[in-house]
Amino acid sequence: MTSPNLLTASEAADAIRKGELTSRDLVDACISRAEARDDDVGAWTYLNPCIARDQAENCDQTQAEGRDLGPLHGVPVGLKDIIDTADMPTENGSALFEGRRPVADSTIARLLRKAGAVIMGKTVTTEFALSAPGKTKNPQNPAHTPGGSSSGSAAAVADHQVPLSVGTQTGGSMIRPASYCGIHGYKPTFGSISRAGMFPLARPLDHPGIYARSIDDIALMGDVLMVKDPADLDMRGHPRGNLADALAAPESAPPRIAFVRGPMWQHAEPYLGDVMADAVKRLGEHAHEVEMTGVFDDALDCHMTVMTANVHANIGDYCRDHADKVRDETRRRAEQGEKVAATDYIKAIEFRDTIAAALDRMFGGYDVLITAGATGEPPEGLESTGDAAFQRLWTLLGVPPVTLPKLQGPKGLPIGLQVVGRHGHDGDLLRHARWIEEAF
């Protein structure tokens, strides 16, 4: 029999609902895997087996009593350590917040509990979700980075320690770890998942997202989390179309696919062009190469201006007043934002709208865009979490990408195929991405 921790979230939820599996057995299998792999992977910053098992037993009791079951009933989920939980510490990956105990759940945690999920623990993040790495190693090869900042969230799913997890992206922190670890990663349209109770790094850019081992699992969890919350002033409401319903709808025709090159390709590893050329060839007549030039040329600089200014605004005081408890890399990043003039910031915010309009016009001729999920394979060493160049444009514009674990580099390590959808058309994106995945 397949070990329960190897099941996808959809498979596990279905087995629990049918009485073929208990939540306790599933959680026990995940805990055993996490404990056995802690030295090799180190995905968790807080994992309390007693708390996880208590939740699982409550789920099993609820089912035994014949009460209504939520869509994630009994399924364990990992939460990035910047997302508040009332029953577990949330330390933001920093010694400055060591021992911090939130007084209330974040909206994400509350919605997961309401859906019946078991919050198994808190996953490792870089400090303040920036770039100073934590202890996590890549489960594909522990000598290589898992990416960041959502390093533990991605590694835990990739290593079958949990079927689902929540991460965040402000630069490239969802899609790059998914690419490096060889799993599905999804950053929804900006404003789709509430950030209430989540550490703020850059309000115009912060996106919670989902790690999973299938597109169906992304839709399952996305429909739980994409609920409008007045506590997050930037929420746009649910993206157009229920995700699970959108996946269930048949494709009337193959999607129109644009393989896009642009400013991010200046950062690509030399072999990446051949990897992507092979991917495009496999999609045949449905994919066409498009060069993103003109207003897109300055998009990465625009993102950097917006991000660094917000980083300084949000953590600059911590770096100044508690320098002994904040890491050098974090202070360096915060100091960069101090140099951004107000006029440059305003120009960047306005220019972002110009870039967004140009991208939306591109979607008039294509259903989805594809490119690499990262600059290449996960780099060797744990001192850096890698280059976010291939994610920053989509973060700046708030459009939804999903990465598919379909490509490999010359060392046999993963490279994600990143599929990008139109703003607000998340359901269409997932449906087209599944068509692309099946084409492989």
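A salt bridge here is a side-chain nitrogen of Lys or Arg within 4 Å of a carboxyl oxygen of Asp or Glu. With that in hand, here are the close-ups. This is a predicted model, where local features need pLDDT of at least 70, side-chain atom pairs count only at pLDDT 80 or more, and totals for chains, interfaces and linings use all residues. Residues are numbered from 1 along each chain as its sequence is written, and side-chain values use heavy atoms, with hydrogens and water left out.

**View 1. Arg422 and Asp360 pair up in a salt bridge.** The closest N and O atoms of these two side chains are 2.9 Å apart. Arg422 sits in the loop between β11 (414-420) and α14 (426-439), while Asp360 belongs to helix α12 (residues 342-362), so the pair ties together parts that are 62 residues apart in sequence. Helices (H or I, at least four residues) and strands (E, at least two) are DSSP runs, numbered from the N terminus. Arg422 is partly exposed at 27% relative accessible area, and Asp360 is partly exposed too, at 35%. For these labels, buried means under 20% relative accessible area, exposed over 50%, and partly exposed in between (1.4 Å probe, protein chains only).

**View 2. Arg24 and Asp28 meet in a salt bridge.** Their N to O distance is 3.0 Å. The two are four residues apart in helix α2 (residues 23-36), which means they are separated by about one helical turn. Arg24 is partly exposed, at 26%. Zoom out a little and a network of salt bridges links Arg24, Asp28, Arg53 and Glu57. The structure as a whole holds 24 salt bridges.

**View 3. Arg113 reaches Asp105 through a salt bridge.** Here the closest N and O atoms are 2.7 Å apart. Arg113 counts as partly exposed, with a relative accessible area of 27%. Asp105 is partly exposed as well, at 27%.

**View 4. Negative charge gathers in a surface patch.** Its members are Glu291, Asp297, Asp298 and Asp301. A patch takes residues with over 30% relative accessible area and no salt bridge, joining like charges within 9 Å and nonpolar side chains (Val, Leu, Ile, Met, Phe, Trp, Tyr) within 5 Å. Asp301 is part of helix α10 (residues 299-321), and it is exposed because its relative accessibility is 52%.

**View 5. Helix α7 is mostly covered.** Eight of the eleven residues in α7 (residues 215-225) are buried. Among them are Ile215, Met221 and Leu225. For another buried residue, look at Ala279 in helix α9 (residues 272-283), which has 1% relative accessibility.

**View 6. Two residues other than glycine show a positive phi.** Asn92, with phi of about 55°, lies in the loop between β2 (76-80) and α4 (107-114). Asn92 is buried, at 3%. His160 has phi near 60° and is found in the loop between α5 and β4 (164-169). At 24% relative accessibility, His160 is partly exposed.

**View 7. A cis peptide bond joins Gly148 and Ser149.** Omega is about 10° at this bond. Ser149 lies in the loop between β3 (118-123) and α5 (151-158).

**View 8. Cys302 and Cys319 are shown in a structure with zero disulfides.** A disulfide would be a pair of cysteine sulfur atoms within 2.5 Å. Cys302 is buried, at 5% relative accessible area, and Cys319 is buried at 8%.

Definitions and conventions: Areas by Shrake-Rupley, 256 points an atom, 1.4 Å probe, with all protein chains shown as cover. Lys, Arg positive; Asp, Glu negative; His and termini not counted. Charge placed at Lys NZ, Arg CZ, Asp CG, Glu CD.
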